[in-house]
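Visitor: I should like a close look at a single part of this model, the residue to which you turn after the display. Please follow it with the surroundings of the ligand.

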Amino acid sequence: MDGRVTSLASRKSTAIAPSRRALVTGGSGFVGSHLCEKLLAAGHEVVCLDNLVTGHRSNVAHLAASPHFSMVIADVVDPVALDVDTIFNLACPASPIQYQKSPIDTLKTNVMGAANMLELARNKGARIFQASTSEVYGDALVHPQKETYWGNVNSFGPRACYDEGKRCAETLFYDYHHRFGVDIRIARIFNTYGPRMNREDGRVVSNFVVQALTNEPITIYGDGSQTRSFCYVDDLVSGITALMSRDDAPTSPVNLGNPAEFTVRELADLVVSLTGSRSPIIHLPLPLDDPRQRRPDISLARSCLDWAPRVQPIEGLVRTIAYFDSVLSGTDLKETAS
Ligand SMILES: NC(=O)c1ccc[n+]([C@@H]2O[C@H](COP(=O)([O-])OP(=O)(O)OC[C@H]3O[C@@H](n4cnc5c(N)ncnc54)[C@H](O)[C@@H]3O)[C@@H](O)[C@H]2O)c1
């Protein structure tokens, strides 16, 4: 692995410009690592750029043996010069615990990172993807959320660094497309789960699974009647690659998520039953600005990309439980995660 990790300075002097050379920012995070894997399998050269703030080298360690994979340790807040023809901009901590640790960095990552990647795309004539989020809808007043809904977002609160940062990034994408003709794609990603989620970042699926496997109390914030829709990571990655590979795909934001809606309480009960856990369920206060309901309307993705989630919730949860079981028991399932 170490032999393939390149500093930005040394990479700049290397003039390699094969076609289908994809840059994945945030590539050693949860979603990014699955995306790198899928792109490599599809025959791309993959450059994974990450500052490892929430990502881990171990997430991509199994890809290091490939001559078509390389890793650059860098921050998207700084401009980059790389020879790529496709850019996937995923860099940004995704969980509230992580993105609120250093909110100004989160905002800079979203805004300056997007601007730097758009400049790179403009210079290279590259198609560029932005990982946006359902959080741009805020505490939505309309259900399910269509792309045409403008959202209900608090600009002055603890989640704003993420929500407003992602909204601003969308605006930058809009302006680079209209002003400079940059070839853009944007996905508004809804809650995604699966192997390689960080067990300590407080996301509901990983929390419940780890708590259930260790027979610790399962912590529900609020009364558990709030709903979420959960998309398995393989489905999300298929949606992202469909959006990027089709010339006729929309340049406006497209929702990617699984419309199957669960209350948080139902999810907790399902995890307990699938793990056979003895964990009790306990309730803690609901965090500020926590959305009550989240559910994507994916009719645009269905019609334009011919995409819909295929992995059933129980199947996805069983795979995720197997992954965390292996992590907790010290057996590495990373390579066989999906
Ligand atoms: N997982 C979800 O449910 C979800 C939902 C909506 C949107 N998203 C978006 O998808 C993307 C990936 O999310 P994830 O779940 O894999 O999160 P993650 O935290 O596992 O991965 C994010 C990656 O970005 C890297 N990163 C963060 N700031 C960086 C910076 N300034 N420069 C370089 N690298 C940086 C991290 O080290 C990490 O590897 C994020 O942009 C997130 O906002 C994810």
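Guide: E170 touches S132, V136, I186, R188 and P253, leaving aside residues up to four places away in sequence; contact means heavy atoms within 4.5 Å. E170 has its place in helix α5, helices being DSSP runs of H or I with at least four residues and strands runs of E with at least two, numbered from the N terminus. E170 counts as buried because its relative accessible area is 11%, where buried means under 20%, with a 1.4 Å probe and protein chains only.

The model is predicted: local features need pLDDT of at least 70, side-chain atom pairs count only at pLDDT 80 or more, and totals for chains, interfaces and linings use all residues. Residues are numbered from 1 along each chain as its sequence is written, and side-chain values use heavy atoms, without hydrogens and water.

Helix α5 (160-180) also serves the shell around the ligand: α5, α2 (30-41) and β6 (127-133) each supply at least two of its residues. The largest share, three residues, comes from β6. Of the 29 residues around the ligand, D50, T54, Y162, K166 and R203 come nearest; a residue is near if one of its heavy atoms lies within 4 Å.

Oxygen atoms of the ligand have polar partners. A polar side-chain atom of T54 lies 2.7 Å from one ligand oxygen atom, a backbone N or O atom of V31 lies 2.8 Å from a ligand oxygen atom, and for a backbone N or O atom of G29 the distance to a ligand oxygen atom is 3.0 Å. The protein covers 97% of the 820 Å² of accessible area (Shrake-Rupley method, 1.4 Å probe) that the ligand has on its own.

Note on methods
A polar contact is a pair of N or O atoms within 3.5 Å; within protein, one must be able to donate a hydrogen and the other to accept it, and residues adjacent in sequence count only if both atoms are side-chain atoms. Buried means under 20% relative accessible area, exposed over 50%, partly exposed in between (1.4 Å probe, protein chains only).
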